[in-house]
Amino acid sequence: MNSLLKQLKPYPFARLREALQGINPPDGLVPIMLQIGEPKHPTPAVITDALQAAGAEFAKYPLTAGLPELRQACARWLARRYDGLQLDAETEILPVLGSREALFSFAQVVLDPVADDTGVVVCPNPFYQIYEGAALLGGGEVCFANSSPPRHLPDWRCVPDDVWPRVKLLLVCSPDNPSGSVMNLDDWRELFALQDRFGFVIASDECYSEIYFDDRKPLGALQAAEMLGRGRKGIVMFTSLSKRSNVPGLRSGFVAGDAELLQSFLLYRTYHGSAMSVPVQRASIAAWDDEAHVAENRRLYQAKFEQVVPVLQQVFDVKMPEASFYIWLKVPDGDDLAFAQKLWREAAIQVLPGRFLARDTPNGNPGKGYVRIALVAGVEECVEGARRMVALFRHA
């Protein structure tokens with residue numbers, strides 16, 4: 001067996017299940033599950049209709065590079081979304097089976113355990129656990145850049161000076177999971193300056209880019225590079241239909257950026273066996289070419305935040321995120337685990353303790369003292385959850 005598997009940590013939701021073992025919610029209260037970021041809005045008909053219409057094409061072996069029509073649809077979307085950003089659909093775009101699979105496998109392409117003396121992967125803290133697993137199974141070492149209030153974005157100064165020369169890959173998430181914070185142009189300028197100095201690859205996870213509010217579109221990595229007059233060398237962005245289009249089970253997204261990196265990634269994926277079925281590609285084309293359902297999706301999320309946040313603010317230090325469907329809530333007494341356990345025991349609500357999304361470092365665990373609340377349920381259920389929380393902690 002691969003000995004590197006022993007380095008993997010339990011997933012946050014497995015840790016939550018263990019932490020709640022033996023704790024039973026009150027009788028008579030319907031449980032409200034706000035711990036997992038799984039979109040629950042209906043899948044748009046424009047996608048399901050296209051999938052059904054292409055059903056006969058399940059009989060075809062798909063190509064790893066995907067249909068030219070899909071890559072072109074992705075290029076059209078990038079141009080619309082990012083103010084005319086132009087990418088070559090043949091060399092700078094590659095369909096993937098969702099951003100999770102792609103982020104994991106991309107690290108295996110960048111890291112070279114044979115040639116390198118243990119390459120380092122830098123990632124945010126808190127973070128999406130796939131980042132860590134990808135680095136470890138690629139034979140790399142992980143270095144965390146802690147996030148802290150008020151902006152809850154990574155502080156790259158957490159990376160020791162003697163580590164930067166060994167950094168091969170830096171993972172960044174904007175909009176951020178779990179805080180919903182968004183990197184601005186100065187943030188990207190700072191990161192690109194570090195890349196110029198040390199030569200690492202930037203992998204930008206942008207799977208929440210389309211859940212924003214008041215038309216404040218998050219700035220993407222490739223868009224920022226264009227605005228700053230630099231090329232795409234060493235920069236790759238990852239996006240997905242899961243959150244944008246409410247199709248987490250479709251497993252469809254794409255990677256875009258540095259053509260040389262994508263050429264190597266395509267070679268890896270050809271052996272990896274990660275080609276997207278043709279009907280899913282047809283449905284993905286329909287999704288990327290349609291913005292009406294995405295606007296409606298944003299409207300539904302904004303309506304939830306506009307009703308939930310004022311209720312929570314009666315008791316908690318909380319604000320509207322810049323993007324995403326998460327609330328990163330600071331707990332009153334600083335014990336996020338005890339807070340989550342109390343919510344389940346006395347209010348039948350599950351949320352995710354922030355410590356489970358982060359790692360202990362010499363600079364502390366930046367997730368401690370916070371819980372992540374996913375506003376993925378219906379508006380009435382989310383508002384009811386907020387009311388129960390306020391009632392439980394109003395006089396705590």
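The following exchange walks through the sheet and the helices of a predicted model.

User: In the open sheet of eight strands, what is the strand order?

Analyst: The pairing within this open sheet is mixed. Read from one side to the other, the eight strands follow the order β2-β9-β8-β7-β6-β3-β4-β5.

User: Which strands stand at the edges of the sheet, each with a single partner strand?

Analyst: The order of the open sheet begins with β2 and finishes with β5. Each of these two has a single partner strand, so one side of each is left without a neighbour in the sheet, and the edge strands are therefore β2 (93–96) and β5 (153–154).

User: Which residue of β7 is the bridge partner of C173?

Analyst: Strand β6 (residues 167–173) and strand β7 (residues 201–205) run parallel and are joined by five bridges. For C173, the bridge partner in β7 is D205.

User: Which strands does helix α3 touch where it packs on the sheet?

Analyst: Helix α3 covers residues 68–81, and its direction makes about 110° with that of β2. The strands that α3 touches are β2, β8 (235–240) and β9 (253–257).

User: Are α3 and α10 roughly parallel or roughly antiparallel to each other, and why?

Analyst: The axes of α3 and helix α10 (residues 278–288) come within 9 Å and cross at roughly 20°. Angles under 35 degrees count as roughly parallel. The two helices, α3 and α10, are therefore roughly parallel.

User: How many nonpolar residues does the contact of α3 with α10 have?

Analyst: Residues making this contact include L70 and W77 of α3, together with I285 and W288 of α10. By class, there are two polar and three charged residues, while the nonpolar residues number six.

Conventions
Residues numbered from 1 in each chain as written. Predicted model: local features only at pLDDT ≥ 70, side-chain atom pairs only at ≥ 80, totals over all residues. Heavy atoms only, no water. Pairing = 2+ DSSP bridges. Helix = DSSP H or I, 4+ residues; strand = E, 2+ residues; numbered from the N terminus. Contact = heavy atoms within 4.5 Å. Axes fitted to C-alpha atoms, helices over the stretch in contact; angles between N-to-C directions. Parallel < 35°, antiparallel > 145°, perpendicular 65-115°, else oblique. Nonpolar A, V, L, I, M, F, W, Y, C, P; charged D, E, K, R; others polar.
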